[in-house]
Amino acid sequence: MVPAVSVVVPVKDGARYIRSCLDFMKSQTFQDFELIFVIGKTHADDTIELIDRLQAEEGSFKVVHQSEDTGLGENRNSGVRAATADLIWFCDVDDAPSAYFLEDMVRIQREHDADMVCCNFINTTPSGLIKEDLSRKYHVKVMDRDEAVQSRFNEEFPVASWSKLFKKSVIEDIGFIDKFCAEDIVHTFSVILKCDKVCIYDRPLYAYRQNEGSICSSNPDVRAVDEIKAYRIVEEIYSDTKYSEDAKAHCMLMRMRSTGHMSKKTFMKYFEETGHDDVTGPLAKSLEGRLYRNLPALYYFAITFFVKYIYKRDGSKGMRKRF
């Protein structure tokens with residue numbers, strides 16, 4: 001029997017999270033799915049031994065062992081190749097999805113025959129969980145491709161792949177860049193161009209745990225540089241489309257804001273070498289653009305404060321704009 005969803009979980013040095021990930025999957029109110037762990041070749045902990053032992057004991061999930069030292073991007077690609085379902089969800093092993101994640105996302109996908117469904121999420125501490133407000137009414141926004149592109153330019157929904165349910169037929173030819181800290185950015189913008197229908201759901205169904213030592217937190221300078229590269233790639237992907245001008249403006253803005261992940265030393269070096277010249281046109285005339293160009297140290301303080309204490313504070317939501 002072919003499952004409705006393939007859940008792909010890449011693991012690198014994630015032994016301490018595997019059991020809790022399995023518990024989150026067992027608690028899903030929608031159980032018509034296959035679980036695929038994709039394990040890299042080398043680990044600093046006992047990930048390989050643990051996952052093989054648990055598979056032998058439970059037999060409730062698949063394991064794909066990589067023959068090379070691959071990163072998150074290629075591990076996700078391998079998971080897609082191993083998937084048998086028509087729908088794909090990429091879940092990170094160290095995060096905490098709601099028990100209703102699959103139930104809600106599959107329902108919305110089926111109701112609207114969506115190519116991609118994206119939900120809201122919350123930023124949490126390493127032990128954080130989804131805190132449900134069962135009294136609140138949540139909303140679904142249904143968009144065609146043009147509307148979805150503009151919605152993404154307006155930052156109405158996140159780029160993170162773990163917040164999405166995809167049709168396999170839409171993404172199987174769009175791979176993730178391997179060993180790249182901003183692979184979700186390029187992937188999401190690429191996928192949207194192939195979607196006829198996209199749904200976004202404002203219910204937070206995923207707790208993004210800000211764990212020390214994670215790929216995103218362990219080297220913020222590398223993350224920032226990769227984000228800047230990612231938005232240059234996106235601008236190039238969109239250069240031959242009718243969205244090219246809007247894409248150029250959005251990518252320029254996001255490259256500027258990505259510097260908020262850098263250390264101050266790296267920021268000032270980046271600004272001196274390339275940052276000033278990259279802020280042009282209407283962006284240079286905006287308040288944020290003028291602050292960046294003329295008072296870079298003050299801009300750095302403002303953007304890092306925003307990222308740490310507003311954008312990623314404990315309990316903050318990924319989708320902030322109402323629809």
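Here a colleague and a modeller talk through a predicted structure, one question at a time.

Colleague: Before we start, what kind of model is this?
Modeller: Residues are numbered from 1 along each chain as its sequence is written, and side-chain values use heavy atoms, with hydrogens and water left out. Local features need pLDDT of at least 70, side-chain atom pairs count only at pLDDT 80 or more, and totals for chains, interfaces and linings use all residues, since what you see is a predicted model.

Colleague: Happy to begin with the strands: in which sense do S2 and S3 pair?
Modeller: Helices (H or I, at least four residues) and strands (E, at least two) are DSSP runs, numbered from the N terminus. Two strands pair if DSSP finds at least two bridges between them. S2 covers residues 33-39 and S3 covers residues 62-65. Over four bridges, their pairing is parallel.

Colleague: Which residue in S3 stands opposite Ile39?
Modeller: Strands S2 and S3 are the parallel pair we just met. Across from Ile39, the residue in S3 is His65.

Colleague: What is the handedness of the β-α-β unit made by S2, H2 and S3?
Modeller: A crossover is right-handed if, with the strands pointing away from the viewer, the path from the first strand over the helix to the second runs clockwise. Helix H2 spans residues 47-58, and the unit that it makes with S2 and S3 is right-handed.

Colleague: How far does H2 reach from its first C-alpha to its last?
Modeller: The expected span of a helix is 1.5 Å times one less than its number of residues. H2 has 12 residues, and the expected value at 1.5 Å a residue is 16 Å. The model comes close to that, with a reach of 16 Å.

Colleague: Why are the buried residues of H2 on the same side of the helix?
Modeller: Buried means under 20% relative accessible area, exposed over 50%, and partly exposed in between (1.4 Å probe, protein chains only). In H2 the buried residues are Thr47, Leu50, Ile51 and Leu54. They sit on the same side of H2 because, taking the directions from the helix axis to the C-beta atoms, they cover an arc of only 95°.

Colleague: Which elements are included in what covers those buried residues?
Modeller: Contact means heavy atoms within 4.5 Å. The cover of the buried H2 residues includes strand S1 (5-11), helix H1 (15-26), S2 and S3.

Colleague: Which residue follows H2?
Modeller: Look for a positive phi, near 60°. The residue with that phi, just after H2, is Gly59.

Colleague: On to charges: how many salt bridges does a search of the whole structure find?
Modeller: A salt bridge is a side-chain nitrogen of Lys or Arg within 4 Å of a carboxyl oxygen of Asp or Glu. One of them joins Glu74 and Arg81 at 2.6 Å, N to O. Another is a network linking Arg76, Asp92, Glu183 and Asp184. For the whole structure, the search gives 20.

Colleague: How many residues apart are Lys167 and Asp113?
Modeller: These two form a salt bridge, with the closest N and O atoms 2.9 Å apart. Lys167 is buried at 18% relative accessible area, whereas Asp113 is partly exposed at 49%. Lys167 lies in strand S8 (residues 164-167) and Asp113 in the loop between helix H4 (101-112) and strand S6 (116-124), so the pair links distant parts of the chain, 54 residues apart.

Colleague: Which parts does the salt bridge of Asp146 and Lys242 tie together?
Modeller: The side chains meet at 3.2 Å, N to O. Asp146 is partly exposed at 33%, and Lys242 is exposed at 66%. The pair ties together parts 96 residues apart in sequence: helix H5 (residues 145-153) and the loop between helix H9 (220-237) and helix H10 (244-258).

Colleague: Is helix H7 largely enclosed or open, and how many of its residues are buried?
Modeller: H7 covers residues 183-192 and is largely enclosed by the rest of the structure. Among its buried residues are His187 and Phe189. The count of buried residues is 10 of the 10.

Colleague: What is the phi of Lys179?
Modeller: Lys179 sits in the loop between helix H6 (168-171) and H7. Its relative accessibility of 59% makes Lys179 exposed. For a residue other than glycine, phi is positive here, near 50°.
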